[in-house]
Amino acid sequence: MKNRTDQSKRWKFKKVLVSGGAGFLGSHLCERLLMEGSSVICVDNFLTGSPDNIAHLFGHPRFQFIKHDVTQDLFIRGSVDAVLHFASPASPFDYAHLPIQTLKVGAMGTHKMLGLARAKTATFLLASTSEIYGDPDVHPQPESYWGNVNPVGPRGVYDEAKRFGEAMAMAYHRVHGIPVRIVRIFNTYGPRMRAQDGRAIPNFITQALRSKSITVFGDGAQTRSFCYIDDLIEGLVRFLSSSHNGPMNIGNPSEMTVKQLARLILRLSRSKSTLVFKPLPVDDPRVRQPDITLARKVLGWEPRVTPQEGLLRTILWFQADLASRKVL
């Protein structure tokens with residue numbers, strides 16, 4: 001899906017800043033914003049992002065890259081129409097190894113980016129997460145659900161950083177009148193994920209392609225809902241163009257067990273790997289499924305890419321990427 005959104009005719013964001021723009025989500029977002037006609041300022045310090053993700057954008061006349069830690073003040077010359085805050089470690093592996101950085105970018109980084117949006121009279125979009133629902137007692141999860149989060153558990157650094165970011169965004173909206181968009185992103189996958197990301201899909205795919213055992217945590221009965229990257233980006237662009245503050249769930253409500261996911265990847269990759277089971281990590285959610293009623297109503301959006309189609313695209317990308325790195 002590389003077509004411009006139906007709302008392109010009234011696209012008003014001439015210059016957009018994307019923090020974490022060299023990450024998996026951020027790089028796809030930068031690419032799409034350029035297609036919409038925006039000038040894009042990509043800000044990243046490569047803590048978990050990669051120059052490879054945006055290498056194809058260098059040389060584009062409307063693309064600018066700034067290497068910067070967004071927990072520090074950032075000066076941008078001229079006008080900015082929107083600030084999209086995507087900077088953060090985002091996988092359990094990352095925030096387990098970078099807990100303080102995760103908290104700082106969620107708190108201090110959000111504060112700095114909101115300050116920039118206020119100074120530029122810009123719309124502010126916060127990339128929040130389904131993790132704010134924790135291990136949910138309500139299923140599927142609507143935006144009205146407050147969550148079930150362990151603030152002192154190992155996942156708490158990410159959960160609470162994002163919950164704080166949402167509170168900060170709404171405080172700036174109420175006190176300073178900043179237009180905000182809070183999006184709660186559910187599990188997303190696709191090209192440019194890191195092989196060592198630590199999340200289920202890149203783990204399963206790389207293990208399958210290398211003919212290694214597929215590591216499933218717990219009994220594999222826990223569920224997830226996976227959204228292909230193109231569908232997610234379409235939802236984000238429509239949300240940015242709307243007048244709704246959020247929070248708004250963006251994700252694929254098609255739910256499957258982790259064991260079903262592993263077996264589907266084995267089939268699509270034609271791998272002869274077998275499943276092995278290891279203990280479930282602390283506070284790992286039992287279920288995760290978005291209620292996207294609000295996104296359907298306000299944005300006219302819902303995911304279109306099937307799991308089979310999206311996973312096959314992702315497997316082919318990983319296959320080419322691993323071969324280019326001479327890992328296979």
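User: Why is Trp 11 called buried?

Analyst: The term buried is kept for residues under 20% relative accessible area, with exposed meaning over 50% and partly exposed the range in between, using a 1.4 Å probe and protein chains only. Trp 11 comes to 14% relative accessibility, and therefore counts as buried. This is a predicted model, in which local features need pLDDT of at least 70 and side-chain atom pairs count only at pLDDT 80 or more, while totals for chains, interfaces and linings use all residues. Residues are numbered from 1 along each chain as its sequence is written, and side-chain values use heavy atoms, with hydrogens and water left out.

User: How many aromatic pairs does a search of the whole structure find, and what makes the pair of Trp 11 and Phe 13 edge-to-face?

Analyst: The search finds nine aromatic pairs. Rings of Phe, Tyr and Trp (its six-membered ring) pair if their centres lie within 6.5 Å, and planes under 30 degrees apart are stacked, those over 60 edge-to-face and the rest tilted. For Trp 11 and Phe 13 the ring centres are 5.2 Å apart and the planes stand at 70°, so this pair is edge-to-face. Phe 13, at 3% relative accessibility, also counts as buried.

User: What kind of aromatic pair do Phe 58 and Phe 63 form, and how buried or exposed is Phe 58?

Analyst: Phe 58 and Phe 63 form an edge-to-face pair, with 5.7 Å from centre to centre and 90° between the planes. Phe 58 has a relative accessible area of 45% and is therefore partly exposed, whereas Phe 63, at 11%, counts as buried. These two residues belong to one aromatic cluster together with Phe 46 and Phe 65.

User: How do you know that Arg 32 and Glu 234 meet in a salt bridge?

Analyst: A salt bridge requires a side-chain nitrogen of Lys or Arg within 4 Å of a carboxyl oxygen of Asp or Glu, and for Arg 32 and Glu 234 the N to O distance is 2.7 Å, which satisfies that rule. Arg 32 sits in helix α1 (residues 24–36) and Glu 234 in helix α6 (residues 229–241), 202 residues apart, and the bridge thus links distant parts of the chain. Both residues are buried. In the whole structure, 17 salt bridges are found.

User: Why does the pair of Asp 94 and Arg 194 tie together separate parts of the sequence?

Analyst: The closest N and O atoms of Asp 94 and Arg 194 are 2.4 Å apart, and the two form a salt bridge. Asp 94 is in helix α2 (residues 92–97) and Arg 194 in the loop between β7 (188–189) and α5 (200–209), so the parts tied together are 100 residues apart in sequence. Asp 94 is buried at a relative accessible area of 5%, while Arg 194, at 30%, counts as partly exposed.

User: How do you know that Cys 42 is in no disulfide?

Analyst: A disulfide is a pair of cysteine sulfur atoms within 2.5 Å, and by this rule the count comes to zero. For Cys 42, the nearest cysteine sulfur is that of Cys 30, 4.2 Å away, and the cut-off is not met. Cys 42 is buried, with a relative accessible area of 0%. For Cys 227, the nearest cysteine sulfur is again that of Cys 30, at 18 Å, and Cys 227 is likewise buried at 0%.

User: Why is the span of helix α4 said to agree with what is expected?

Analyst: Helices (H or I, at least four residues) and strands (E, at least two) are DSSP runs numbered from the N terminus, and the expected span of a helix is 1.5 Å times one less than its number of residues. For the 21 residues of α4 (residues 156–176) this gives 30 Å, and the end C-alpha atoms are 29 Å apart, which agrees. The helix is followed by Gly 177, whose phi is positive, near 75°.

User: What makes β6 largely enclosed?

Analyst: Six of the six residues of β6 are buried, so the rest of the structure largely encloses this strand. Val 180, Ile 182 and Arg 184 are buried on one side, and Arg 181, Val 183 and Ile 185 on the other. Two strands pair if DSSP finds at least two bridges between them, and β5 and β6 pair in the parallel sense over six bridges.
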